[in-house]
Amino acid sequence: MPDIAAVKAALANQRIETPSWGYGNSGTRFKVFAQAGVPRTPWEKIDDAAKVHELTGIAPKVSLHIPWDRVDDYAALAAYAKERGLELGAINSNTFQDDDYTLGSVCHPDAKVRRKAVDHLLECVGIMDATGSRDLKLWFADGTNYPGQDDVVARQDRLAEALTEVYERLGDDQRMLLEYKFFEPAFYTTDVPDWGTAYAHCLKLGEKAQVVVDTGHHAPGTNIEFIVALLLREGKLGGFDFNSRFYADDDLMVGSADPFQLFRILCEVAKNGGLEPVTNVAFMLDQCHNIEAKIPAVIRSVMNVQEATAKALLVDRDALRDAQQTGDVLAANAVLMDAYNTDVRPLLREVREEMGLAPDPVAAYRASGRQEQIVAERVGGAQAGWGA
């Protein structure tokens, strides 16, 4: 049986990085929905992230997105975060919101456009230097919409050339995290469509290049936990972008569409050392909260990951191993289902109370008056968001 003290220690030591854009306005491709109290600056986003960490105790990093979080003094922004108990986490690049990138960015047939895209990625590494951030997170919307539009292999060559230049600019303690998405917005070919393509590029680049698994970036029925287990085995799982999906949209709150899938993924993470600090797996949220209040949505997302992790840690590994070795299929499955069906909320309340936190972070936020405060204070100016 699992050691409950060890389970509680692992949960207390878990770290989940929240996204700056998760605190801003967002929406569908048709409309972005504005909410009262939304941050207007990166500084206010950090204030909101600090509140999430204050109430959950396990969200000490906030990732930035460039240019959405561009400021004049990144060292000052990092110092501001530190004063509020946070660190600046991954720096996310943006090579998909400029008219020049209609036919791609680092894979574009025009060398001038590729140069512009690579220069932006190098700018992001410079921001990492200023903030002390470890991770450069790359997602490319590059691809084609029609057969014959471009040379598929040539685009892979351009991608490799760009990644190599950026990789060589990384510092000793920095790394590149390459994300994949099987389609959208390119509908015929996507230049980084799957974990295998991302893995192949990272393998050639070297140890400082690893793969990001976005839990929403897969075709229906994909066994994501297999991908996670394999990448952990190869030492190439750099991190997660946690979210959930229906159909083609991947920005719902993690665990909301298929909590059993999240549990299965975290079972492989826990079994294969992915929760150990030495493995350096970054557990990041990548979500847009279109119609729900931002801060409580992020808090609830952190809690969803906690609950799935707690269930994964409660799997009776000895019983599971015995059932697997004897070929008892039903018994092995029952071991997993017993853990999944456990109500871990009382356990997590205990963990939080032992950490000096309120047992219910969402209720604590509602009682704090923080939402009413930011609605009253954040009047005027331009709210943060990605437009449309």
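Reader: What makes Lys137 and Glu179 a salt bridge?

Author: In this predicted model, the closest N and O atoms of Lys137 and Glu179 are 3.9 Å apart. A salt bridge requires a side-chain nitrogen of Lys or Arg within 4 Å of a carboxyl oxygen of Asp or Glu, so the pair qualifies. The pair links distant parts of the chain, with Lys137 in strand E6 (residues 135–138) and Glu179 in strand E8 (residues 175–179), 42 residues apart; strands are DSSP runs (E) of at least two residues, helices DSSP runs (H or I) of at least four, both numbered from the N terminus. The model is a predicted one, in which local features need pLDDT of at least 70 and side-chain atom pairs count only at pLDDT 80 or more, while totals for chains, interfaces and linings use all residues. Residues are numbered from 1 along each chain as its sequence is written, and side-chain values use heavy atoms, with hydrogens and water left out.

Reader: Why is Lys137 called buried or exposed?

Author: Lys137 has a relative accessible area of 4%. Buried means under 20%, exposed over 50%, and partly exposed in between (1.4 Å probe, protein chains only); Lys137 is therefore buried. Glu179, at 5%, is buried as well.

Reader: How do you know that Arg370 and Asp48 tie together parts of the chain?

Author: Arg370 forms a salt bridge with Asp48, their closest N and O atoms lying 3.3 Å apart. Because Arg370 belongs to helix H14 (residues 370–377) and Asp48 to helix H2, the pair ties together parts that are 322 residues apart in sequence. Arg370 is buried at 14% relative accessible area, and Asp48 is buried at 2%. Salt bridges that share partners join Arg40, Glu44, Asp48, Arg370 and Arg378 into one network.

Reader: Why are H9 and H12 described as roughly perpendicular?

Author: The axes of helix H9 (residues 294–313) and helix H12 (residues 345–354) come within 10 Å and cross at roughly 110 degrees. Axes are lines fitted to C-alpha atoms, for helices over the stretch in contact, with angles from 0 to 180 degrees between N-to-C directions. Angles of 65 to 115 degrees count as roughly perpendicular, under 35 as roughly parallel, over 145 as roughly antiparallel, and the rest as oblique; H9 and H12 are therefore roughly perpendicular to each other.

Reader: What makes H2 oblique to H9?

Author: Helix H2 (residues 42–56) packs against H9 at an angle of about 40 degrees, the axes being 10 Å apart. That angle makes H2 oblique to H9.
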